[in-house]
Structures are given as C-alpha cells and as structure tokens.
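Dear colleague,

Please find below the structure that I am handing over to you. A description of what was found in it follows, arranged by topic.

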Amino acid sequence: MIKYPIAKINLGLNVVAKRPDGYHDLETVFYPVGIQDALELQPMDEGFPSSVFCDLKITNMKIDGDEQQNLVVKAYNRLKNIYPQIGRVHAHLFKNIPLQAGMGGGSSDASYMLMALNEMYRLGMSEKEMIDHAAKLGADCPFFIVGRPSYAEGIGERLVPINLSLKGYWLCVVRPDIPVSTREAFSLVKPNPTVKKCREIVMQPIDTWRDELTNDFERSVFALHPEIGAIKDKLYGQGAIYASMSGSGSSVFGIFDHYVNLEQHFKAMYCNTLEL
C-alpha cells in the first residue's frame, strides 16, 4: 500500500495566549498544497528480528535521530497498542516535503500512517477517531486527516472547515538552508489577542491580505535570520500577490496569479512552484 502525505501552508498564524500547560493558543488557516512524500507499507518478512514491529526506512532526505522515534513509528505503535490485529510492517518513507520548513511534513506522515493502517487492516475507524489519535501525536496532525482548508484554534487541533479555494493561483515555496527550531521560535514570540481573525481576512480579496494577514513568528525569526525576511521581500519584488513565512519557518511562500520560475533568484535548499 502506498499513500502520499501532503504538505500545508499557514494563511495567517497568530499566537493569542500562553496556556497554563506551557503551550500556546493559536489562530491559523491551514491550506493543503500538493508537495508530497510517499509512504509505502508492506507486511514484514517472517525472518525479520522479532523485536521490531515497524521497520522504517527513510530515503531521499537525511533525517537525524533514531528512526524508531519518528512520528510514523509512533503512529504505528499507538494503534498497535489498541488493535492487536495490526501486523508487523516494513515502512518506506520517501521524503520530498522540505524539513524544518513549517509545512507539516512530519505531522502529515504520521497522519497518513494512521489512515494507511486503518485501511490496510480494516480497523473501521471513523474520521473523528483518527483525528483523536492524530491529536495525541502532534498539534498539526489532525489537519492532515481532514485534508481540506480549515480554520484552527487551540494548539492547532480544533478545526473548522472553511470554504476557501485558491484554484487558479500559483504557489512558489522557498526553503533556505537555515533551520529554525520550533521551540526557539515559540520562546521568542509574544502572545497578543487578535483584533481580526485570519478566517475573516482570507474571505476577503487576496490583494488585501498583504496588509492584514500576518504570521506572528516573522518578527522574531526575521530578526534572528534576516536572510529569511529577505526572501519574503524578494517574492514581493517578483510580483507575489501575497507572501509569508509558513508556520514557524523556515520556508517562505509567495502566491502568484501566473506561473513563475524563481530558482535562479534564490540560493536555497528547496525552491519549487506549483499550481494551487
């Protein structure tokens, strides 16, 4: 079985309060985009060491750390503890979504693992049940179960579908060779209640977004890494209708009303233009 985990961008991202549990309450619009990983599952060979239940191999991009601590394996372990009929599996993850980019690649991989196991072993989980499991894995994970434009509150797990389509526009994503730590980004941001919610702003004409639709992480991240802020300026200089950092970075995207090829303009780990 093969699944194709998608990426996301944030249209607005406002940190509105710090919670007693140390997390932050957010307001954001998640929008799915067609940058994809590939996740293949196969039943495990009988001769494979019995101590391993989910054997994960990652290709195309190097991810540091123990693969058994990857969110894909954590998703498998969560369901295996509840549904004993789930067998041992080989999982091959082909990474294409940029890493540490604010595009939700790891969260998406985990959520698609839940959906793949549900289908492969006929577990009969509803969308709500999968969302509940996904929320235990990460704040962004529930969105990838839903996979449609959504307004999110809480730590990102409370989702309300919104009627938003950017069909006909083009998205240019630039991920510089500058990793941004999510923990560091959150430690520097100052929570502030919003006057106008991003779900209202995205219902306006897109040419009004530049003045109103904000990502609260940009101030601190751009101060630490001016090169990331310069990418946003350059996207506007190349004709973007709207540009923003996605999530807590470090990718920056521009929305255009026509196709652009900007690879020659950026020295970046990743630069790609796709139709929305």
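I begin with a pair of residues: Glu40 stands opposite His92, a residue of strand 6. Please keep in mind throughout that this is a predicted model.

The pair belongs to a ladder between two strands. Strand 4 and strand 6 run antiparallel and are joined by 6 bridges. Strand 6, residues 89–94, is also joined by 6 bridges to strand 5, but these two strands run parallel. Along that second ladder, Cys54 stands opposite Val89 of strand 6, and Ile58 stands opposite Leu93 of strand 6.

How do these strands fit into a sheet, and in what order? The sheet is open and has 4 strands, in the order 1-4-6-5, with mixed pairing. Strand 1 (2–3) and strand 5 (54–59) are at the edges; each has a single partner strand, so one side of each has no neighbour in the sheet. As a general point for reading such a sheet, side chains in a regular strand alternate between the two faces of the sheet.

Two helices should be viewed together with this sheet. Helix 1, made of residues 71–80, lies across strand 4 (38–43), strand 5 and strand 6, and runs at about 160° to strand 5. Helix 2, made of residues 105–120, packs on the sheet and touches strand 1, strand 4, strand 5 and strand 6. The direction of helix 2 makes about 35° with that of strand 4.

The two helices also pack on each other. In general, two packed helices are described by the angle between their axes and the distance between the axes. For helix 1 and helix 2, the angle is about 35° and the axes are 8 Å apart. Their crossing is right-handed. Which residues meet there? From helix 1 come Leu71, Val72, Ala75, Tyr76 and Leu79, and from helix 2 come Gly106, Ser107, Asp109, Ala110, Met113, Leu114 and Leu117. Sorted by class, this contact has 9 nonpolar, 2 polar and 1 charged residues.

A further set of strands centres on strand 3, residues 24–36. Of the 13 residues in strand 3, 10 are buried, and the strand is thus mostly covered. Strand 2 (residues 6–18) runs antiparallel to strand 3, and 11 bridges join the two; in one of the pairs, Leu11 has Val29 of strand 3 as its bridge partner. Strand 3 is also joined by 3 bridges to strand 7 (residues 150–153), again in an antiparallel arrangement. There, Thr28 stands opposite Ala152 of strand 7.

Finally, I turn to the cysteines. How many disulfides does a search of the whole structure find? The search finds 0. Cys172 is in no disulfide, and its nearest cysteine sulfur, that of Cys271, lies 4.2 Å away, whereas a disulfide requires the two sulfur atoms to be within 2.5 Å. Cys172 is buried, with a relative accessible area of 0%. Cys198 is likewise in no disulfide; the nearest cysteine sulfur belongs to Cys141 and is 20 Å away. Cys198 is buried too, with a relative accessible area of 1%.

With kind regards

Key. Residues are numbered from 1 along each chain as its sequence is written. This is a predicted model: local features need pLDDT of at least 70, side-chain atom pairs count only at pLDDT 80 or more; totals for chains, interfaces and linings use all residues. Side-chain values use heavy atoms; hydrogens and water are left out. Two strands pair if DSSP finds at least two bridges between them. Contact means heavy atoms within 4.5 Å. Axes are lines fitted to C-alpha atoms, for helices over the stretch in contact, and angles run from 0 to 180 degrees between N-to-C directions. A crossing is left-handed if the near helix is turned anticlockwise from the far one by less than a right angle, and right-handed if clockwise. Ala, Val, Leu, Ile, Met, Phe, Trp, Tyr, Cys and Pro count as nonpolar, Asp, Glu, Lys and Arg as charged, and the others, Gly among them, as polar. Buried means under 20% relative accessible area, exposed over 50%, partly exposed in between (1.4 Å probe, protein chains only).
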